[in-house]
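Let us walk through this structure together, starting with the whole and moving on to single residues. Please keep the view open as you read.

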Amino acid sequence: MRAAKAAADKEGVGFRSEKPQGEDVDFSKALPRATRRAHPLVQTAVDIQNFLHLGRGESAEALDIGSTDANVAVGMGIPAIAVGAARYTGPHTLDEVAEENSIVPGAKMLLLLAASLAGLANP
């Protein structure tokens, strides 16, 4: 924050900070990392990505990093995942580009995930 404010002052532009919604999530209620990564919800998503060979030549694995819409639920101890339907480069920049050929396999992954999770909800 300090560096951004200093850069704005140097360039003579305004600067303000806004707190993103959900940033104040209390992760003290989150399940342990190993438990989160081993959850059937997470493993189902990983298994489907590997079944469809969506890992660019390597096996997919669960990541437990970054800022996603799942963070609020995870912070409350509710299993949650964030997945996308397309491959992309330059995320969250003016140069962000989605790979056109990735949308069909990505849509298949989302459909298989929904169908598989419907089965998990009713064991």
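The paragraphs below go from the overall fold to charged pairs, a few contacts and some residues in loops.

Before anything else, keep in mind that this is a predicted model. The protein has five helices and two strands. If you follow the chain from its start, these elements come in the pattern α-α-α-α-β-β-α. The two β entries therefore sit side by side in that order, with four helices before them and one after.

What about the overall dimensions? The C-alpha trace spans about 60 × 40 × 20 Å along its principal axes. The radius of gyration of the protein is 18 Å, whereas a compact globule of 123 residues would have one near 14 Å. How many of the 123 residues count as buried, as a percentage? The share is 16%. The accessible surface comes to about 9400 Å², and 57% of that surface belongs to carbon and sulfur atoms. Contacts give another view of the fold: among those between residues at least 6 apart in sequence, 59% join residues at least 24 apart.

Now to the charges. The protein carries 12 positive and 15 negative charges, and the mean positions of the two groups are 4 Å apart. Side chains of opposite charge can pair when their charged atoms come close. How many salt bridges does the structure hold? There are two salt bridges, and each deserves a look.

One of them joins the side chains of Asp 9 and Lys 5, with 3.0 Å from N to O. Both residues belong to helix H1 (residues 2-11), and because they are four residues apart there, about one helical turn separates them. Asp 9 is partly exposed, with a relative accessible area of 48%. Lys 5 also counts as partly exposed, at 39% relative accessibility.

The other salt bridge is formed by the side chains of Arg 37 and Glu 61, at 3.6 Å from N to O. Arg 37 lies in helix H2 (residues 33-38) and Glu 61 in the loop between H3 and H4, so this pair ties together parts that are 24 residues apart in sequence. Are these two partners buried, partly exposed or exposed? Arg 37 counts as partly exposed at 26% relative accessibility, while Glu 61 is exposed, with a relative accessible area of 56%.

Next, move along the chain to strand S2, where you will find Ala 98. This residue is exposed, with a relative accessible area of 53%. Leaving aside its neighbours within four places in sequence, Ala 98 is in contact with Ala 86, Arg 87 and Tyr 88. For one of these partners there is also a distance between C-alpha atoms: Ala 98 and Ala 86 are twelve residues apart along the chain, and their C-alpha atoms are separated by 6.3 Å.

A little further on, Ser 102 is found in the loop between strand S2 (97-98) and helix H5 (103-121). Is Ser 102 buried or exposed? Ser 102 is buried, because its relative accessible area is 10% and buried means under 20%. Again leaving aside neighbours within four places in sequence, Ser 102 is in contact with Ala 85, Ala 86 and Arg 87. Ala 86 and Arg 87 thus appear among the contacts of both Ser 102 and Ala 98.

The last stop is a set of loop residues. Gly 57 has its place in the loop between helix H3 (40-51) and helix H4 (71-75). Gly 57 is exposed, with a relative accessible area of 88%. Gly 57 and Thr 68 are eleven residues apart along the chain, and 25 Å separates their C-alpha atoms.

Two histidines draw attention through their backbone angles. Most residues other than glycine have a negative phi. His 53, in the loop between H3 and H4, has a positive phi near 55°. His 53 is exposed, with a relative accessible area of 67%. His 92 has a positive phi too, of about 60°, although it is not a glycine. Where does His 92 lie? His 92 lies in the loop between strand S1 (88-89) and S2, and is exposed, with a relative accessible area of 78%.

Technical notes:
Residues are numbered from 1 along each chain as its sequence is written. This is a predicted model: local features need pLDDT of at least 70, side-chain atom pairs count only at pLDDT 80 or more; totals for chains, interfaces and linings use all residues. Side-chain values use heavy atoms; hydrogens and water are left out. Buried means under 20% relative accessible area, exposed over 50%, partly exposed in between (1.4 Å probe, protein chains only). The radius of gyration is taken over C-alpha atoms; the globule rule is 2.2 Å times the number of residues to the power 0.38. Contact means heavy atoms within 4.5 Å. Accessible areas come from the Shrake-Rupley method with a 1.4 Å probe; for residues, only the protein chains shown count as cover. Lys and Arg count as positive and Asp and Glu as negative; His and the chain ends are not counted. The place of a charge is taken as NZ of Lys, CZ of Arg, CG of Asp or CD of Glu. A salt bridge is a side-chain nitrogen of Lys or Arg within 4 Å of a carboxyl oxygen of Asp or Glu.
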